Amino acid sequence: MIGISILSLVILLGVLIFVHELGHFLMAKQLGVGVLKFSLGFGPRIIGKQVGETQYQISLIPLGGYVKLLGESEGEELSPADQSRSFQKQSVYRRFAIVMAGPIFNFLLAIFIFSLVNMTGLPYLTSRLGGVAEGSPASSAGLQDGDIIEAISGVSINRWDKMADMISKSQGRELHLIVRRGEQTREVRIVPRGEKGKNLFGEEIDVYRIGVKPTSEIVTQAMNPFDATTHAFVQTTNIAKLTVLSLVKMFQGVVSPKTLGGPILIAQLAGSQVKEGLIPFVMFMALLSINLAILNLLPIPVLDGGHLMFFLIEMIRGKEVSLVWRERAQQVGLAIIIMLMVFVFIIDIERLNLNIFR
């Protein structure tokens, strides 16, 4: 199990890092900026090959990667011919595009994965009722076990999650259900009942239910390429919103920072997803790709978001942030990242119940 988890982690991080750095690389090439090095991993080089001016390599520490651009470092000596190809000599908008391309490629990877999975088809619970609670709105409306809800207020459905979502969003308004029982269909009017429940973050909210539960009946729904891609975009957007909201809730103290996970947790989850099959593993990869994009966009110096923050300031002021301030911010950003890495590593160790820090 440990071997599978480690191998899964290496593959997972390798793909995510490669795609992220490929975004920076391709955008730099497209804009005519020289690329000196493309590295998967940090630290000493394990293997590498020089192709033209670019050194492609795999390095020892697999927890990241980087693209070294021509003229990226302050004070770098450049020939007159290389000045126009230097990163620092590009307009702020070009530099912004090169840095932004990394996170964008992670979003695109998620959309690509979700699109393929949607075309393959995922299993969903059907909208057949597997139980009706006594005294519930569904019971009062005459619904019974085995009934199939085919439409709600004019919207066709065949999946339980879609049905539950529509009922939940009803805000207690009357719904018009088309219900099939055997060979017959009929229209049923039903008013969902408001109850107290909890959301994903454990906060108390008002929820609306009709008092039904599903059967174990499964349907596989494959989409055409257009619908699959459209739905993949929606899936990626929803996960990105949820990720941002989770970070906000964490800063508000609603979500415990101990829900964070580092390489050990990711390895454990990756290993378990591999055992479930290829589709669960690539879906997990898509989820992490979105998370990586969001985290990289945080306005912390040394991350892409930190560079983008300086570029935005430059756009507003009309001149670069001074080197002194950038270096100070980089030092603070690096300290934050190191502390965060240590924190999530301690949490990972605590999850293993080794009692090292007790």
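Which element gives the largest share of the nonpolar patch? That share, four residues, comes from strand β2. The structure discussed here is a predicted model, and the points below take up its nonpolar surface patch, its second largest pocket, one antiparallel strand pair and two residues with positive phi.

**Nonpolar surface patch**

- The patch covers about 740 Å² of surface and is made by F42, I46, I47, I58, L60, I61, L63 and M341.
- The elements that give two or more residues to this nonpolar patch are β1, which spans residues 35–51, and β2, which spans residues 54–69.
- One of the patch residues, L63, is found in strand β2, and its relative accessible area is 43%.
- L63 counts as partly exposed because its relative accessible area of 43% falls between the limits of 20%, under which a residue is buried, and 50%, over which a residue is exposed.

**Second largest pocket**

- The space that lies in the second largest pocket amounts to about 980 Å³.
- Elements that give two or more residues to the lining of this pocket are the strands β3 (122–125), β9 (193–198) and β10 (204–209), together with the helices α5 (160–168) and α6 (225–252).
- The lining of the second largest pocket consists of 32 residues, and those that lie nearest the pocket centre are W160, D161, K162, A164 and D165.
- Helix α5 provides the largest share of the lining of the second largest pocket, with eight residues.

**Strands β7 and β8**

- Strand β7, made of residues 175–181, pairs in the antiparallel sense with strand β8, made of residues 184–190, and the pairing runs over seven bridges.
- Within this pair, H176 stands opposite R189, a residue of β8.
- The hairpin of β7 and β8 has two residues between the strands, and in this hairpin G182 takes a positive phi near 70°.

**Positive phi outside glycine**

- Most residues other than glycine have a negative phi.
- S153, which is not a glycine, nevertheless has a positive phi of about 50°, and S153 lies in the loop between β5 (148–152) and β6 (155–156).
- With a relative accessible area of 43%, S153 is partly exposed.
- Q171 is likewise not a glycine and has a positive phi of about 60°, and the loop in which Q171 is found lies between α5 and β7.

Key: Residues are numbered from 1 along each chain as its sequence is written. This is a predicted model: local features need pLDDT of at least 70, side-chain atom pairs count only at pLDDT 80 or more; totals for chains, interfaces and linings use all residues. Side-chain values use heavy atoms; hydrogens and water are left out. Two strands pair if DSSP finds at least two bridges between them. Patches are made of residues with over 30% relative accessible area and no salt bridge: like charges are joined within 9 Å, nonpolar side chains (Val, Leu, Ile, Met, Phe, Trp, Tyr) within 5 Å. Accessible areas come from the Shrake-Rupley method with a 1.4 Å probe; for residues, only the protein chains shown count as cover. A salt bridge is a side-chain nitrogen of Lys or Arg within 4 Å of a carboxyl oxygen of Asp or Glu. Buried means under 20% relative accessible area, exposed over 50%, partly exposed in between (1.4 Å probe, protein chains only). On a 1 Å grid over the protein atoms alone, a cavity is a set of points where a 1.4 Å probe fits but cannot get out, and a pocket is an open set with protein on both sides within 12 Å along at least five of seven lines; lining residues have an atom within 4 Å of a point. Grid points are joined across faces, edges and corners, and a volume is the space filled by probe spheres set on the points.
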